Amino acid sequence: MKKRIFSIISIILIIFTVSACVTLGVNAASAENTDDGTSAVFFDNVDFGCDTETKSETVLLVNMDTGITVYSKAADVKRYPASLTKIMTYIIVAENVEDFSEKIKVKQNIIDMLNGTGSSFSGVLDNVGRSLTVDELLNCLMISSGNDAALVLADYVGGKDSVEGFVKMMNDKAKALGCENTHFVNPHGLHHVNHYTTARDIYKITSYALTLPGFAEITNARNYELNGTYYASTNHILDPYSEYYYQYAKGIKTGTTDEAGRCLVTSAVADGYSYLAVLMKSPYNEEQGIDEYYNMEDAAELFRWAFNNIELKGIVSRETPVCEEKVNLCWDKNSIQLCPEEDFNALVPIDISDSEIVIKANVPQSVQAPVNEGDYVGTADVYYKDEKVATFKLVADESVERSTLLYIIDILKNVFTSVYFIGAAIIVVILFVIYLFVIVKHNKQKPKRKQVKHYRHM
């Protein structure tokens, strides 16, 4: 029985010790730093100090190189988009028609849907009964903003569900692009109380459209020709002969209704920088004689301000150490330097001083060797005027080897101080006490041997 109890105690101790080693081994492995997949992240809370006064009630100006918003005004307020709607119309057509040379017949019943709406026409009306290519219709849609072209395309792409099916595709795409406050009722933008969007959603839609075939080229054209007739763009910011001309502007789309006011999406590229501006509900009332293109004036002024007052500044280079990190389990080195994963640049006001930018490391107290050069260790936050404006990755600037001896010592130390081992030891002590108690009790219960007297023979 003694042997059996001793065997049980030994087995329990072995099980708990092995469990402690395995668990600590897993913990050690999980403690190694791994890349969480994040890259440099910028925040839209930088005050770039824009002092440009805009007449448009909604404005959004985004640096397209970084995706950073440099100026916004009511960018998340729902607005009527008017013909900015046609940007989404282009997207749905481009994604559902492989060959832009494909021909579509212009149906009278489709054109008749615009009767009494005061719609803008783009030459499609003059081709009822004929066939026009998708490319021709897209030019009519985006350059001279033809509502007739929008309906012909929507009817064709919408298939058996015609325009209604096409509009459903528009709303589905808006959701897929992350638009949170957008709902379309038609493919052309004529006013409807449930047809709305925001400047921020229009930015998402336009950014995507710019990746599609032909979009940038068509929307930057000043005119097009259809069956011998030339039609001009509604975007006067592209016209060198217009008072609203801005030499660095490129495209993209205008929109105007009484309810929406004047709207504009346009971009500009200069000196290696590119911006996209969304302007909505600029003053417009033809009956009251308010017919100026304040939206285009606002866009030009915002572009001038951005090009003159904002720059991409090098904050820290790949070779510049940001902080020093303690290293464990290395025999001849107790720390390593951490540097950015790559050169880190940020969009900042051009007159900013170095003292206004503060970098704070966000790293663990220490790392375990081995560490390879370039291994992800943590992140660094960039602060401007006490506001966190960006985050970038920190990596090891050098490699350090792990000492086998220190590693073994560390494992043993962790094993003997682990809750598993301590728990096992306590259980062993308890079992041993029980064992002693059982032995003592067993000995007391044994019958005493009779003492036999032995007599010496006389």
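**Burial, pockets and backbone in a predicted model**

Reader: What makes T133 count as buried or exposed in this structure?

Author: T133 has a relative accessible area of 15%, and the term buried is kept for values under 20%, so T133 is called buried. This is a predicted model, and the residue is found there in strand β5, which covers residues 131–133. Leaving aside residues up to four places away in sequence, T133 touches F100, S101, E102 and K103, where touching stands for heavy atoms within 4.5 Å.

Reader: How do you know how much of the protein chain is buried?

Author: By the cut-off of under 20% relative accessible area, 44% of the 458 residues of the protein chain count as buried. The accessible surface of the chain comes to about 24,800 Å², and 51% of that area belongs to carbon and sulfur atoms. The chain has 11 helices and 18 strands, and among its contacts with a separation of 6 or more, 67% are accounted for by residues 24 or more positions apart.

Reader: Why is I430 called partly exposed?

Author: The relative accessible area of I430 is 45%, and the class of partly exposed residues lies between the limit of 20% for buried and that of 50% for exposed, so I430 belongs to this class. I430 is found in helix α11, residues 419–445.

Reader: What makes I422, I426, I430 and I434 a nonpolar surface patch?

Author: Members of a patch need over 30% relative accessible area, and nonpolar side chains, Ile among them, are joined within 5 Å. I430, with its 45%, is over that threshold, and together with I422, I426 and I434 it makes a nonpolar surface patch of about 350 Å².

Reader: Why is D386 called exposed, and what is notable about its phi?

Author: With a relative accessible area of 75%, D386 is over the 50% that the word exposed requires, so the label applies. D386 is not a glycine, although its phi is positive, at about 65°, and it lies in the loop between β17 (376–384) and β18 (387–396). Another residue other than glycine with a positive phi is S162, where the value is near 50°; S162 is found in helix α6, residues 162–176.

Reader: Which peptide bond is cis, and what is its omega?

Author: The bond that joins G251 and I252 is a cis peptide bond, with omega about 15°. I252 is found in strand β8, and this strand, residues 249–257, gives the most to the lining of the largest pocket, with five residues.

Reader: What makes a residue part of that pocket's lining, and which residues lie nearest its centre?

Author: A lining residue has an atom within 4 Å of a point of the pocket, and 20 residues line the largest pocket, with S83, S120, S145, G255 and T256 nearest its centre. The volume of this pocket is about 320 Å³.

Reader: How do you know where empty space is left, and how many cavities of 30 Å³ or more are found?

Author: Empty space is revealed by rolling a probe the size of a water molecule over the atoms. A cavity is a set of points where the probe fits but cannot get out, and a search of the whole structure finds one of 30 Å³ or more. The largest cavity holds about 90 Å³ of space. Its lining consists of 13 residues, of which V46, A346, L347, V348 and V389 are the closest to its centre, and the elements that give two or more residues to this lining are β14 (344–349), β17 and β18.

Technical notes
Residues numbered from 1 in each chain as written. Predicted model: local features only at pLDDT ≥ 70, side-chain atom pairs only at ≥ 80, totals over all residues. Heavy atoms only, no water. Helix = DSSP H or I, 4+ residues; strand = E, 2+ residues; numbered from the N terminus. Buried < 20%, exposed > 50% of the residue type's maximum accessible area, 1.4 Å probe, protein only. Areas by Shrake-Rupley, 256 points an atom, 1.4 Å probe, with all protein chains shown as cover. Patch = residues over 30% accessible without salt bridge, like charges linked within 9 Å, V, L, I, M, F, W, Y side chains within 5 Å. Salt bridge = Lys/Arg side-chain N within 4 Å of Asp/Glu carboxyl O. 1 Å grid on protein atoms, 1.4 Å probe; cavity = no way out; pocket = protein on both sides within 12 Å on 5 of 7 lines; lining within 4 Å. Points joined across faces, edges and corners; volume = space filled by probe spheres on them.
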